[in-house]
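Here is a short tour of one protein chain, written for someone meeting a structure like this for perhaps the first time. Keep the picture open beside the text and look up each residue as it comes along.

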Amino acid sequence: GSFPNPNQQIQSGCGMKYRDLYGYTSDPTVPVFQTTYSTLDTNRTEDDWGRFLPSAGFDWEITDSNSLAFNFSSSFKAGGFPLGYDPNLTNASLRLSYPAEEVKSYEFSLKNQLLEDKLQLNFAAFWTDYDPFQICQLAGPFFFCEGDGSATSRGVEVEISASPVENLTINGHFNFLDAKIDSFAIVNPAQ
């Protein structure tokens, strides 16, 4: 929902949604083309990935030429099951699901029109956390993901546009991005 303001200088809002995803897998020792409804029913593993996803933000029109905004949002990517086939498989981990990837994002922005609109200066910064972070691998006949890691992505963007004289516009941009995997575990499906 949003919250009206009589002077319209500050607008804010928040929201909440629920997202639910469901998945299942059959016995990894049975190739997909040999899977029947009976083997699917008796040998399958199921999982459910549901999350409440909050969001919030505000926009503040400081003056007619300056505005400030902050936004928070959350999302997720559902978990799943490994893909692969091995008739000699003894590792039951290929029947276990991996967890959903959860994301929380924060963004701050400042927009300015200066010098009688001859100079525009915009600034934005963001920070995104992934915890747990899904890492997917292809190893021989297996495609599988792990959700034990964490990652961070953060950055800054500056945009400048100047019109010092008529029919001349000078634009400049600066971007900085720092994205890294903070931690993760490599899993060998053959063990």
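## A tryptophan at the surface

Trp-127 is partly exposed, with a relative accessible area of 35%. You will find Trp-127 in strand E6. Before going further, please remember that this is a predicted model.

Trp-127 has company. Together with Ile-10, Phe-58, Trp-60, Ile-62, Phe-70, Tyr-106, Phe-108 and Phe-123, Trp-127 forms a nonpolar patch on the surface. The accessible area of the patch adds up to about 720 Å². Which elements give two or more residues to this patch? They are strand E3 (45-61), strand E5 (101-114) and strand E6 (119-139).

## The chain as a whole

Let us step back for a moment. The chain has 1 helix and 8 strands, and reading along the sequence gives the pattern β-β-α-β-β-β-β-β-β. Of the 191 residues, 25% are buried. The chain exposes about 12400 Å², and 56% of that comes from carbon and sulfur atoms. Among contacts with a separation of 6 or more, 61% are between residues 24 or more positions apart.

How confident is the predictor here, on average? The mean pLDDT of the chain is 79, and 73% of the residues score at least 70. Take care with residues 30-42, where the pLDDT is below 50. Beyond near neighbours in sequence, that stretch has 8 contacts in the model.

## Inside the chain

In soluble globular proteins, nonpolar side chains tend to be buried together. In this chain, the largest nonpolar core has 6 residues: Trp-49, Leu-53, Phe-76, Ala-78, Phe-81 and Ala-100.

Ala-100 is a good place to look around. Leaving out residues up to four places away in sequence, Ala-100 touches Trp-49, Phe-76 and Ala-78, which are core members too. The list of residues touched by Ala-100 also includes Arg-51, Lys-77, Gly-79, Pro-132 and Gln-134.

One of those, Pro-132, deserves a second look. Pro-132 lies in strand E6, and the peptide bond leading from Asp-131 to Pro-132 is cis, with omega near 0°.

## Charged partners

Side chains of opposite charge can pair when their charged atoms come close. How many salt bridges does this chain have? The count comes to 3, and the table shows the pairs with their N to O distances.

| Salt bridge | N to O distance |
|---|---|
| Glu-102 and Arg-51 | 2.9 Å |
| Lys-77 and Glu-101 | 4.0 Å |
| Asp-178 and Arg-154 | 2.7 Å |

Start with Glu-102 and Arg-51, whose side chains form a salt bridge. This pair links distant parts of the chain, 51 residues apart, with Glu-102 in strand E5 and Arg-51 in strand E3. Glu-102 is partly exposed, because its relative accessibility is 24%.

Next come Lys-77 and Glu-101, which meet in a salt bridge as well. Lys-77 sits in strand E4 (residues 66-77) and Glu-101 in strand E5, 24 residues apart. Are these two residues buried or exposed? Lys-77 has a relative accessibility of 43%, so it counts as partly exposed. Glu-101 has a relative accessibility of 7%, so it counts as buried.

The remaining pair is Asp-178 with Arg-154. This salt bridge links strand E8 (residues 170-183), home of Asp-178, to strand E7 (residues 142-162), home of Arg-154, and the two residues are 24 residues apart. Asp-178 is partly exposed, with a relative accessible area of 22%. Arg-154 is partly exposed too, with a relative accessible area of 30%.

## Residues in the loops

Now move to the loops. Leu-96 is in the loop between E4 and E5, and at 55% relative accessibility it counts as exposed. Leaving aside neighbours within four places in sequence, Leu-96 is in contact with Gly-80, Phe-81 and Pro-82. Phe-81, you may recall, belongs to the largest nonpolar core. Leu-96 and Glu-46 are 50 residues apart in sequence, while their C-alpha atoms are 8.9 Å apart in space.

Leu-115 is in the loop between E5 and E6. Although Leu-115 is not a glycine, its phi is positive, about 50°. Leu-115 is exposed, with a relative accessible area of 63%.

Asn-167, in the loop between E7 and E8, also has a positive phi without being a glycine, about 65°. At 79% relative accessibility, Asn-167 counts as exposed.

Conventions
Residues numbered from 1 in each chain as written. Predicted model: local features only at pLDDT ≥ 70, side-chain atom pairs only at ≥ 80, totals over all residues. Heavy atoms only, no water. Patch = residues over 30% accessible without salt bridge, like charges linked within 9 Å, V, L, I, M, F, W, Y side chains within 5 Å. Areas by Shrake-Rupley, 256 points an atom, 1.4 Å probe, with all protein chains shown as cover. Helix = DSSP H or I, 4+ residues; strand = E, 2+ residues; numbered from the N terminus. Buried < 20%, exposed > 50% of the residue type's maximum accessible area, 1.4 Å probe, protein only. Core = buried A, V, L, I, M, F, W, Y, C linked by side-chain atoms within 4.5 Å. Contact = heavy atoms within 4.5 Å. pLDDT = per-residue confidence, 0-100.
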